[in-house]
Amino acid sequence: MERQEDVFKKIVAHCKEYGFVFPSSDIYDGLGAVYDYGQNGVELKNNIKQYWWQSMVLLHENIVGIDAAIFMHPTVWKASGHVDAFNDPLIDNKDSKKRYRADVLIEDQIAKYADHIEKDVEKARKRFGDSFDEAQYRKTSARVIEAQQKMDALHERYSKALNANDLAELRQIIIDEEIACPISGTRNWTEVRQFNLMFQTEVGSTAEGASRIYLRPETAQGIFVNYLNVQKTGRMKLPFGIAQIGKAFRNEIVARQFIFRMREFEQMEMQYFVKPGTELEWFATWKKTRMAWHQALGFGAENYRFHDHDKLAHYANAATDIEFRMPFGFKEVEGIHSRTNFDLSQHSKYSGKKIEYFDPETGESYTPFVIETSIGVDRMFLSVICHSYEEQRLPDGQTRVVLHLPAALAPVKLAVFPLTKKDGMPEKARSIIEELRFHFNCKYEEKDQIGKRYRRMDAIGCPYCVTVDQQTLEDDTVTLRDRDTMEQQRVPISGLRGIIEDKVSLTSLLKKLI
Ligand code: ATP
C-alpha cells in the first residue's frame, strides 16, 4: 500500500495542478504558510462557507450573522487576554535549527503509543481470526497493557505540566521520552520558550501619533464587542447566537502540512449566548449539532472523533475538538468551547460599559454565558479534499484521479460537451448551459476526446457530464454521465434540471440536518 505521506504529497500537487490552491506569491517562490485559492478552490471554499452559514443562520431562527472589521481597538486584545497569554511553548533543535511546538512534539509521542496499541490489536485480530475477542485481548496482552500504562503516565505528566505552564517540565518530558528532531535525528534541544502569535501593525502615520494595532487572531472578539448592538437592534432573547465568517491571522511558528496550519486563514465562528447555569447542556447540544453537520457530508462516522482538552483555556469550563482522520492522522478541524462569561465580563471591565441581559421572565439582569463553535474554513477544505481524492484503477487497466466531492460542494456541477465541433453541436451544448446556468454552475468544454474531457472533470470533482451528439440534434436527448459510477444514461434535455438540481443543491444537504 502507498504511504500516507506520499498520498498527501500527491493531493497537494493535485490542488495546484487543478486550480484549487496555489502557494501565495508563487512567482516569487511563495511565502511561508500563506496560500491562495484558485478558480476551483474558491468555488469549493465558497460552497463550504455557504453550507456552514445556511446551517446556522437559515436553520436557526435565533441565530443571526455579522461581519466585523479585522482591525479592532487595541484594548480588545488586552481585555481578551491575547496580549498577555496567547502563547505557544517553543523548542528548537540545535543541530537542524528547526523550531517545534513542545506541546505538539509530546502529543505526537502520545499518538505513537496509541498507534502501537492499535497495530498490535490488528495483528492479533489477523492471527486469531473469527475467534478473536478484542476486549479480552486488550485486557490481558502484556504488550498492550504496558504500552497503555506508559501512554497514560505520559498523558498525565503532560497535562500537569501544561496546566501549570511548567516549561522546564515540558522540556524534561521531551528529553525523558527520547523524542528526536525528525530532520537532524538528534535530541539536542534548547530550553522551551513562550512566543506571542499576534501580528502587529500601526494605524495612522507616525507624525500624527501612530497607534499599535493587531491583526485579529480569532474572529470571536468581533462578535463579543457587538453583543449589545445585535441584542438591542435585533431584540434578541436568550438563548441566541451570532455567526461570523472571516479572516484571522496567527504568526504560527511551525507552519507545515499545507493549508492545515496557516498564518492567514479563515474561521467560521458562532457564539451562542445562554443563561448562566444552562451552559453545559448547550455545550452538549452543540457538540451533537456540529458533529451531525460534519457527518451529513457522508465521509463515514469512523473518520471523526471528539478530543476533550487536557488544558482548558483560562476562559473555558469545558472544551472539545472535533477531529477528522487526515492522511497525517486524526487532527482538529473544529473547536467547541464553553467560554463562561469571561469575554463579556472582561469587555465590560475594560470598556466601562455595562454588558448584560435583562431577562424579562425573571426580571433579573446578568452577563450571559457563551458556547462557541469555531471551525477553520481551510482545515475543512483540506479534510474534504483529502477524503474525496482517489486514484482509481479501472476495469480496463487504466487509472483515473477522481475527487468524490459531495455534489453540493463541488465547484462545477455540470459539464456540457459537444461530441464534435461540427453540425451545430457546440450551439446545442451552449443552449443547454444558457438555460441551466441560472440554477447551478455549468462548464462548457469542446477540446480533446470525450474520454480526456471526462478525466479533467473527474479531477475537479464535477458530478455530472452531458454529451451532445448526432442523436441530440434529432430527438433532444443527451447522455448523462455520473462521476462516481461512470454510468451513462440517455435522458431528454428537458429532464436534466430535475435530475441534477436535487442532487447538487445545498438544500438537499441542509435537509439532512433537521
Ligand atoms: P491548534 O491547536 O491546531 O493550533 P487551536 O486549538 O489553536 O488550533 P482554535 O483557536 O480553537 O485553534 O481555532 C479554531 C479553529 O480555527 C481550529 O479548529 C482550526 O480549524 C482553525 N485554525 C486555528 N489555527 C489555524 C491555522 N493556523 N491555520 C488554519 N486554521 C486554523
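The buried residues of helix 8 pack against four elements of this predicted model, namely strand 4 (87–92), helix 5 (102–128), helix 7 (142–163) and strand 6 (193–196). Helix 8 itself covers residues 167–176, and its buried residues are Leu 167, Leu 170, Ile 173 and Ile 174. When helix 8 is seen down its axis, these buried residues fall within an arc of 115 degrees, so they line one face of the helix.

The two ends of helix 8 can be described as well. At its start, the backbone nitrogen of Ala 168 has a side-chain oxygen of Asp 166 within 3.4 Å, while after the helix comes Glu 178, a residue with a positive phi, near 55 degrees.

A second site centres on Glu 334, which is placed in strand 13 (residues 329–338). Is Glu 334 buried or exposed? Its relative accessibility is 0%, and because buried means under 20%, Glu 334 counts as buried. The side chain of Glu 334 makes polar contacts with the side chains of Arg 290 and His 294, as the table sets out.

| Side chain | Partner side chain | Polar contact |
|---|---|---|
| Glu 334 | Arg 290 | 2.7 Å |
| Glu 334 | His 294 | 2.8 Å |

Arg 290 and His 294 also belong to a longer list of residues in contact with Glu 334, which leaves aside its neighbours within four places in sequence. In that list Glu 334 also touches Thr 320, Asp 321 and Ile 322, together with Thr 373, Ser 374 and Ile 375.

Definitions and conventions. Residues numbered from 1 in each chain as written. Predicted model: local features only at pLDDT ≥ 70, side-chain atom pairs only at ≥ 80, totals over all residues. Heavy atoms only, no water. Buried < 20%, exposed > 50% of the residue type's maximum accessible area, 1.4 Å probe, protein only. Arc of directions from axis to C-beta. Contact = heavy atoms within 4.5 Å. Polar contact = N/O pair within 3.5 Å; in protein donor to acceptor, adjacent residues only side chain to side chain.
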